[in-house]
Amino acid sequence: MNRLILLTKVLLLLLLFYSCDNDTLTYIQHIESPDRQSIICLYKENTGVSNVEFHILKIEKAIGPDRQISKTDYDWILDRELINNFEESMTYATNPKIKLIDNRFLIFSRSDYQFALYDLKLNKDILNIRDPWSEWASKNIWAENGTDYKTDIKDERTDYGLWIKKNLDDKIVEYLKTNR
């Protein structure tokens, strides 16, 4: 019985600690915007044990990229958000970064794949599937059809990666070739 009480207390303490640490967005990177009046910042938000959400915000230089941004500042975040991207599985959530091409195209990548493209000149999201894992999973590609991509390996990680390559990364590369 004492073990159960101790385990419960430890679990509650961990949950309390985790929730306190989870009240703000975590700064990752920033770049100067082409207008030189603002900066484009990449932040991470842990939304659960195996979920992460990325926010790319265009903010005023005076604010600074490492300003503590509370997740409760929804309107402030939404007013500045260019791209929002969520990874439900954490499978392809490592090494998130942003880069600017031709002072016009903003690319968000993670795990060596390009996940989103934003055109700063048009002020428009060109390609961004907000929750790519759910989009892929809803198609049930590998579970119903084996693998739609002709690989010998039938596992979630491989097929999800192939889907990302085909439906996000390759499409961004093609769009840039056509519109640069």
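This is a short tour of a predicted model, stop by stop, with a selection to make at each one.

**Stop 1: the whole chain**

Start with everything shown as a cartoon. The chain holds 5 helices and 9 strands. Read from the N terminus on, its elements follow the order α-β-β-β-β-α-β-β-β-β-β-α-α-α. Now switch on a surface: about 10,700 Å² of the chain is accessible, and carbon and sulfur atoms account for 52% of that. Of the 180 residues, 41% are buried. Contacts reach along the sequence too: taking those between residues at least 6 apart, 50% join residues at least 24 apart.

**Stop 2: the open sheet**

Next, select β1 to β5. In what order do the strands of this open sheet lie? The order is β4-β1-β2-β3-β5, and the pairing is antiparallel. As a reminder, strands of a sheet pair through backbone hydrogen bonds. Look at the two ends of the row: β4 (69–70) and β5 are the edge strands, each with a single partner strand, so each has one side without a neighbour in the sheet.

Zoom in on the β4 end. Strand β1 (residues 24–32) is joined to β4 by 2 bridges, and the two run antiparallel. To see one of these places, select L25 and I69, which are bridge partners.

**Stop 3: N84 on strand β5**

Move to the other edge and select N84, which lies in strand β5 (residues 81–87). Is N84 buried or exposed? With a relative accessible area of 11%, N84 falls under the 20% limit, so N84 counts as buried. Show the side chains around it. The side chain of N84 makes a polar contact with that of E53 at 2.7 Å, and another with the side chain of H55 at 3.2 Å. Beyond its neighbours within four places in sequence, N84 is in contact with E53, F54, H55, N128 and R130. Keep F54 in mind, as the tour comes back to this residue.

**Stop 4: strand β7 and its two hairpins**

Select residues 105–110, which make up strand β7; 6 of its 6 residues are buried. In general, side chains along a regular strand alternate between the two faces of the sheet. Colour the two faces of β7 separately: F105, I107 and S109 belong to one side, L106, F108 and R110 to the other, and all of them are buried.

Add β6 (residues 97–101), which runs antiparallel to β7 and is joined to it by 5 bridges. Here L100 stands opposite L106. The hairpin of β6 and β7 has 3 residues between the strands, and D102 takes a positive phi near 55°.

Then add β8 (residues 113–119), which pairs with β7 in the antiparallel sense over 6 bridges. I107 has L117 as its bridge partner in β8. How many residues lie between β7 and β8 in their hairpin? There are 2, and S111 in the turn has a positive phi of about 50°.

**Stop 5: aromatic rings**

Show all Phe, Tyr and Trp side chains; the whole structure has 7 aromatic pairs. Select F54 and F108 for a tilted pair, with 5.3 Å from centre to centre and 50° between the planes. F54 lies in strand β3 (residues 51–60) and F108 in strand β7, so this pair ties together parts that are 54 residues apart in sequence. Both F54 and F108 are buried.

Now select F105 and Y175. Their ring centres are 6.2 Å apart and their planes stand at 85°, so this pair is edge-to-face. The pair links strand β7 with helix α5 (residues 156–179), across 70 residues of sequence. F105 is buried, at a relative accessible area of 1%, whereas Y175 is partly exposed at 22%.

To see several rings together, select Y92, Y113, W133, W136 and Y160, which form one aromatic cluster.

**Stop 6: charges over rings**

For the last stop, select R110 and F115: the charged end of R110 sits over the F115 ring, 3.7 Å from its centre. Then select R67 and W76, where R67 lies over the face of W76 at 4.5 Å from the ring centre.

Technical notes:
Residues numbered from 1 in each chain as written. Predicted model: local features only at pLDDT ≥ 70, side-chain atom pairs only at ≥ 80, totals over all residues. Heavy atoms only, no water. Buried < 20%, exposed > 50% of the residue type's maximum accessible area, 1.4 Å probe, protein only. Helix = DSSP H or I, 4+ residues; strand = E, 2+ residues; numbered from the N terminus. Pairing = 2+ DSSP bridges. Phe/Tyr/Trp six-rings, centres within 6.5 Å; stacked < 30°, edge-to-face > 60°. Lys NZ or Arg CZ within 6 Å of the ring centre and 35° of its normal. Polar contact = N/O pair within 3.5 Å; in protein donor to acceptor, adjacent residues only side chain to side chain. Contact = heavy atoms within 4.5 Å. Areas by Shrake-Rupley, 256 points an atom, 1.4 Å probe, with all protein chains shown as cover.
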